[in-house]
Amino acid sequence: MGKVVIMDHPLVAHKLTIMRDKNTSVKDFRELVSEIGMLITYEATRDLPMTTKHIETPICEMDAPTLAGRKFVVVPILRAGLGLVDGVLRMVPAARVGHIGMYRDEETLEPHPYFCKMPKDVAERDVLIVDPMLATGGSAAEAIGEMKKRGCKHIKLMVLVAAPEGIKFLQEKHPDVDIYAGALDDHLNEKGYIVPGLGDAGDRIFGTK
């Protein structure tokens with residue numbers, strides 16, 4: 001079973017509280033998405049493989065630790081996931097960016113991909129799928145499925161806020177995927193919104209309310 005990591009960190013908790021406040025401006029909300037994205041990326045990349053390279057400090061020569069260079073791609077689920085990309089790239093500047101777009105069937109509420117553009121060698125890369133909210137888990141599960149169809153083996157999901165229902169659904173559908181979340185909220189309401197949540201992340205990032 002993939003692991004579930006809930007960020008137990010004062011900075012993440014503090015920044016999320018400002019985001020949850022309905023009076024927080026679009027500008028501040030957008031900046032906080034990026035900042036929390038950086039902090040969760042720090043945790044999600046903890047197991048990146050390391051090697052050493054020979055360098056010379058001002059004092060002496062040494063074999064110093066460095067990333068082993070396994071390739072990395074961040075994949076936002078459009079459109080709200082775009083808000084997290086900047087924070088990830090600030091931590092991993094050499095990462096490539098893929099994009100996956102989803103729409104919901106209005107009758108069945110099932111998510112369907114309408115756009116998927118990835119680096120050619122995506123199957124050889126570590127994949128970090130990003131989306132602010134993990135609610136029912138439908139969109140995330142579909143996005144993970146699309147990456148698996150392209151041969152991806154090392155997939156993680158990073159979200160700001162998760163509902164227990166979404167985590168359970170994902171663990172059933174994709175038990176090999178690790179989930180990293182800024183907070184675990186209480187439940188989903190009858191409309192499928194996370195409670196207490198932070199509203200519609202896409203609208204609040206892009207100011208489309």
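## Ala 201 and its contacts

In this predicted model, Ala 201 is in contact with Phe 29, Ala 80, Pro 132 and Met 133, leaving aside neighbours within four places in sequence. Ala 201 belongs to helix H6. Because its relative accessibility is 4%, and buried means under 20%, Ala 201 counts as buried.

## Gly 199 and the first annotated set

Gly 199 sits in the loop between strand S13 (194-195) and helix H6 (201-206). With a relative accessible area of 37%, Gly 199 is partly exposed. Apart from residues within four places in sequence, Gly 199 contacts Met 133 and Tyr 193. Met 133 is thus named among the contacts of Gly 199 and among those of Ala 201.

An unreviewed UniProt entry carries a "binding site" annotation that covers Ile 194, Gly 199, Asp 200 and Ala 201. Of these residues, Ile 194, Gly 199, Asp 200 and Ala 201 are included in the lining of the largest pocket.

## The second annotated set

The "binding site" annotation of the unreviewed UniProt entry also covers Arg 79, Arg 104, Asp 131, Pro 132, Met 133, Leu 134, Ala 135, Thr 136, Gly 137, Gly 138, Ser 139 and Asp 200. From this set, the lining of the largest pocket takes in Arg 79, Arg 104, Asp 131, Met 133, Leu 134, Ala 135, Thr 136, Gly 137, Gly 138, Ser 139 and Asp 200.

Leu 134, one of the annotated residues, is in strand S9 (residues 133-134). Leu 134 counts as buried, at 1% relative accessibility. Its contacts, leaving aside neighbours within four places in sequence, are Ala 140, Leu 157, Val 159, Val 161, Ala 162, Ala 163, Gly 166, Ile 167, Leu 170, Ile 179 and Ile 194. Among them, Ile 194 also belongs to the annotated group with Gly 199 and Ala 201.

## Helix H4

Gly 138 lies in helix H4 and, at 14% relative accessibility, counts as buried. Not counting residues up to four places away in sequence, Gly 138 touches Pro 111 and Phe 169.

Helix H4 has 12 residues (residues 138-149), which at 1.5 Å a residue should span 16 Å; its end C-alpha atoms are 17 Å apart, so the two values agree. H4 is mostly covered, with 9 of its 12 residues buried. The buried residues are Gly 138, Ser 139, Ala 140, Ala 141, Ala 143, Ile 144, Gly 145, Glu 146 and Met 147. One of them, Ala 140, is in contact with Leu 134. Gly 151 follows H4 and has a positive phi, near 90°.

Conventions: Residues numbered from 1 in each chain as written. Predicted model: local features only at pLDDT ≥ 70, side-chain atom pairs only at ≥ 80, totals over all residues. Heavy atoms only, no water. UniProt positions renumbered as here; feature names shortened; annotations may be inferred. 1 Å grid on protein atoms, 1.4 Å probe; cavity = no way out; pocket = protein on both sides within 12 Å on 5 of 7 lines; lining within 4 Å. Helix = DSSP H or I, 4+ residues; strand = E, 2+ residues; numbered from the N terminus. Buried < 20%, exposed > 50% of the residue type's maximum accessible area, 1.4 Å probe, protein only. Contact = heavy atoms within 4.5 Å. Expected span 1.5 Å × (residues − 1).
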